[in-house]
Amino acid sequence: MLKLIGRYAELSRIGALIAGFGESGGPAVVDITGDAGIGKSRLLGEVCSQAVHSGMSVLRGRATEFERHTPFQAFTDAFADLDGPELMRTGAAVFAEAAPVVCGVSHAPSGAPGAADRFGVYRAVARVLASLASRAGGRGLLVALDDLHWADPASLELLDHLVRHPVGGRVLLVVARRDRQSPTPLTAALTRGIDSGVVVPMELGPLSERESLTGLATDLPPGDAAELFAASEGNPLYLLSLLHAYRSGAALPGASRTARDGDLAGVPSGLRALLLDELTPLSGAERRTLETVAVLGDHATPEMLASATGHGDRELDELTGALTRRDLLRPAPGDRWTLRHPVLRALVYETTAAHERSRIHRHAADELARSGASAAERAHHVERSLTGWDPAAAGVLTEAADRLAHTAPATAAHLLDVVLRLLPQASEHSRRRAELTLARARALGVCGRLRESRDLLHHVIDSFCAEDPSLRADAIAQCAVMERHLGHSPEASALLRRELARDPGPSPGQRRSLALALGVSALMAGTYPAVRDELAGALAGARTHDDPTGEAATLALCALGEAYEGETAAARRFADEAALLTDGLTDPALTGQCESLVWLSWSETILERYAAAERHAERGLAIARRSGQLYLLPHLLMSRAYVQLSTCRLPRALQSADEAESIARGIGDSELLTFTLSFAPLIVLAAGQLGDARAMAVAEEAVTTAGASDSWWASLAWCILGQTALVNGDPQRAEEAVLRAGGGARLARVQPSIRPAQLELLVATALAGGRLDQAERWAARATEEAERLDLGGQRAAALRASAALAEHRGDGGTALRLLDEAVREYTAMGATLWEAYSLLHGVVLARSAGDGARAAAMWRRARHLADVGGARLLVDLADLIRPREAGEDHEGQAVPAEPARLTAREREIAGLVAQGFTNTRIAADLFLSAKTVEGHLTRIFRKLRITSRADLPAVLADLPEPVQR
């Protein structure tokens, strides 16, 4: 390998990152960018060599230009050097789940029930990487991925997952790519990582003349060397090609050789000409061998090369030896041949005659079939061999698309598009065209290309469904889902109502499915009462036709609709019947209507039946994962997360919410992402340290994602933004958010079953603004609505609102009594988090009333519940208000009588917070990690005995001078 020329600063910087990586909050990815031939791969190779020398484990893979629809190709290439026993040590179950990435498309799960979901695959890959890092003797693992601008969509989605959720432990990813040729999702993922501190960008520019000529051209006359460098424009690959031509007797380049017009594969035309000049002396057999290697790509093994060229072993050895001596071919891992550089491969591939390329691809596909390779593994060569309609080839591509639908839906959509483009327009193929188009629309929807999916479905409905009611019903139901995910619930409802009104109408089973889809659309739009009659008809039809699965699903949706509307008695009745039926059905029976478990678990969550809600969510998750119904997972995960939040199991709630967010982002549905982000701020807030600004950032992202929508989830996002803002000490923002959610003071657009909790917030904001009359009106309304709802949590919220009023009037005894009642409500329903939160408020009231013993008892229970449940916010709050009677803390230290002094660094950070700076901005300005800033803020809040950022400006002026350290 040629010695490294220049790049010492970049190499040193990466070396420093490797020396310190694995620390909490530190970078997890290095993003190397630059033009073709600028030296990215050479730098990456040097980084890998140094990592190996230091004792690290290293995986190195590369994306390739002509395999951009081979799922996970870059990552599979990286894992290729590991043997099976080494990988199996990660655990058989984890290895099996990660197999589509670790072992390649030959191990992709089938499209049948039981197939893995792609986000489960990503988590399994992260566990494999963490396991490999832990076995590297403490040195860690480096994963190097080259030429990612050519990566397939599945690899890019996996990389995005690893950027959003860095692997724990000492795992560092170093990626290299051409920035200008990078697909938008790749650039967006890495840019987000830069903003969060996970990704370190590293752009490679031209080498200097001194570095280039000292390293490569010391034997040339200085004038000639300088002219060659000027022609290369500091690009080392271009310079090497110029030097090779010069030493072979070519004249010095003219200005035209550096022209940039007519680039091929992002390569300057001058470099292209030089590389092609290297091919001129080759014999016909040598050129054909080189072309065959370029076409075969990852399948360029000696055996495949021999069969494709027709050469015997001895002749092939002579040909590859000659090409190796010219440095055109190089051996690659896995007993394969490869061209020396991707640019050279691209030029050889694209200058190979089209008929010859097709022949080689067809031969490779046939050989793979004879060896028992799956359709997914053969699909690349089959696709590139096609010159016209071929039913057998179309069958392979369709089978591959079905196999990849769950793990690589973008590739599945592409393969189906290939088949559809070649399928003859004759009438005998109309049914098949419609079915394939439906399958492609489904794949596009799964991978987040919602508008394309919707448009395809419109085409199917208008062009193919007139004579096929079953196909029409499927297309319309699927189209309604896409419209809903695009935020077009009214359009979805209109489409479904029109179909239900058709004469002759759909079959009973299709009518029920369409009615359920209509019910969901109405629920999202806040118009559930308008579809009660349709759902009643669907329920009656299911009972008439002895369809227990359909009956259970309809009951569950009715339960959710009535629970949303605050019709608690009806919701309980529907939920009881739905649970009884659902619990008596087998998993296979529920698979086709798995969404009913979403509706049932969420209705039970709203009805405060936490144990039943979690049980049904868990069952739904298991069925949805096995059957590949990914779009249901975020709904089920967030139901489970909310139960875990309320019952104060914050670490688990964080895991559930984190997984839900990852899937929602991967699906690319803004409505679904709004939903998952809506609940996340409360979980992040309760689990985070006092002063942690992340919850507010998530809440702001949720309402930004919602945009101008007035849907149920958008309203919910604004409500939770209000709750988060209030805890963060911004009552004005909190009130604005809740009023925005409700569409004004009547709160008409707020979910009726949670309205008392929002009214409690408005009582707090009115009191903070000195508007006692308004606070009294809000509190009275909260009490009235809570009594109508008959839900313990909402009664408790109304009681807390009244307690806040009593406290404001100076009636601490009444306030404490009301808080006691609220605590009893929370205890009875198992809402441990809210019980602890209310107890802490009661501590302050009891202490003010002089009842130290009672304050201490309340404090001990609250802190215990918070500590056991991982509610760090409540633990920090408890430590701030510890009553004297509670004794010493868990470290044996008494609470200081006066605020402690701040260090110079803490005073500096406090001052920036007081000026309104975010944690991210402070971290950037002071060259700290965001985690470090959060840690400082926690200590500042503890020392100053304050609970929010908004309190800082008022106390900073009276602080003593900072201590120096």
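# Salt bridges, packed helices and unusual loops

Colleague: Let's start with R532: what is its relative accessibility?

Modeller: Gladly, and please keep in mind that this is a predicted model. Buried would need a value under 20% and exposed one over 50%. R532 falls into the partly exposed class because its relative accessibility is 31%.

Colleague: Which residue forms a salt bridge with R532?

Modeller: The closest N and O atoms of this pair are 2.8 Å apart. R532 sits in helix α26 (residues 532-544) and its partner in helix α27 (residues 548-565), so the bridge links distant parts of the chain, 30 residues apart. That partner is buried, with a relative accessible area of 6%. The residue is E562.

Colleague: How many salt bridges does the whole structure have?

Modeller: Side chains of opposite charge can pair when their charged atoms come close. A search through the whole structure gives a total of 62.

Colleague: How many residues apart in sequence are E67 and R345?

Modeller: These two form a salt bridge, with the closest N and O atoms 2.9 Å apart. E67 is buried at a relative accessible area of 4%, and R345 counts as buried at 10%. E67 belongs to the loop between β2 and α3, while R345 belongs to helix α16 (residues 342-351), so the pair ties together parts whose separation in sequence, in residues, is 278.

Colleague: And what about E435 and R432: by about how much of the helix are they separated?

Modeller: The two form a salt bridge with closest N and O atoms 3.7 Å apart. E435 is partly exposed at 30%, and R432 is partly exposed at 37%. Because they are 3 residues apart in helix α21 (residues 430-446), their separation is about one helical turn.

Colleague: E286 has no salt bridge, so which side chain of opposite charge is nearest?

Modeller: E286 is buried in the model and is found in helix α13 (residues 284-296). Leaving aside residues up to four places away in sequence, E286 touches L319, A322 and L323. A salt bridge needs the charged atoms within 4 Å, so at 4.6 Å no bridge is formed with the nearest candidate, R326.

Colleague: Turning to packing, are helices α40 and α41 roughly parallel or roughly antiparallel?

Modeller: Helix α40 (residues 792-808) and helix α41 (residues 812-829) have axes 8 Å apart. Contact residues include A796, L799 and A803 of α40, with L818, A822 and Y826 among those of α41. The packing angle is about 165 degrees. Angles over 145 degrees count as roughly antiparallel, so α40 and α41 are roughly antiparallel.

Colleague: How many of the residues in helix α44 are buried?

Modeller: Helix α44 runs over residues 872-880 and is mostly covered. The buried residues include L873, V875, D876 and L880. Out of 9 residues, the number buried is 8.

Colleague: What is the phi of F72, which is not a glycine?

Modeller: Most residues other than glycine have a negative phi, and most peptide bonds are trans. F72 lies in the loop between β2 (57-62) and α3 (73-79), and counts as buried at 1% relative accessibility. Its phi is positive, at about 60 degrees.

Colleague: And where is D147 placed?

Modeller: D147 is also a residue other than glycine with a positive phi, near 55 degrees. D147 is buried, with a relative accessible area of 4%. Its place is the loop between β3 (141-146) and α7 (153-164).

How values were computed
Residues numbered from 1 in each chain as written. Predicted model: local features only at pLDDT ≥ 70, side-chain atom pairs only at ≥ 80, totals over all residues. Heavy atoms only, no water. Helix = DSSP H or I, 4+ residues; strand = E, 2+ residues; numbered from the N terminus. Buried < 20%, exposed > 50% of the residue type's maximum accessible area, 1.4 Å probe, protein only. Lys, Arg positive; Asp, Glu negative; His and termini not counted. Contact = heavy atoms within 4.5 Å. Axes fitted to C-alpha atoms, helices over the stretch in contact; angles between N-to-C directions. Parallel < 35°, antiparallel > 145°, perpendicular 65-115°, else oblique.
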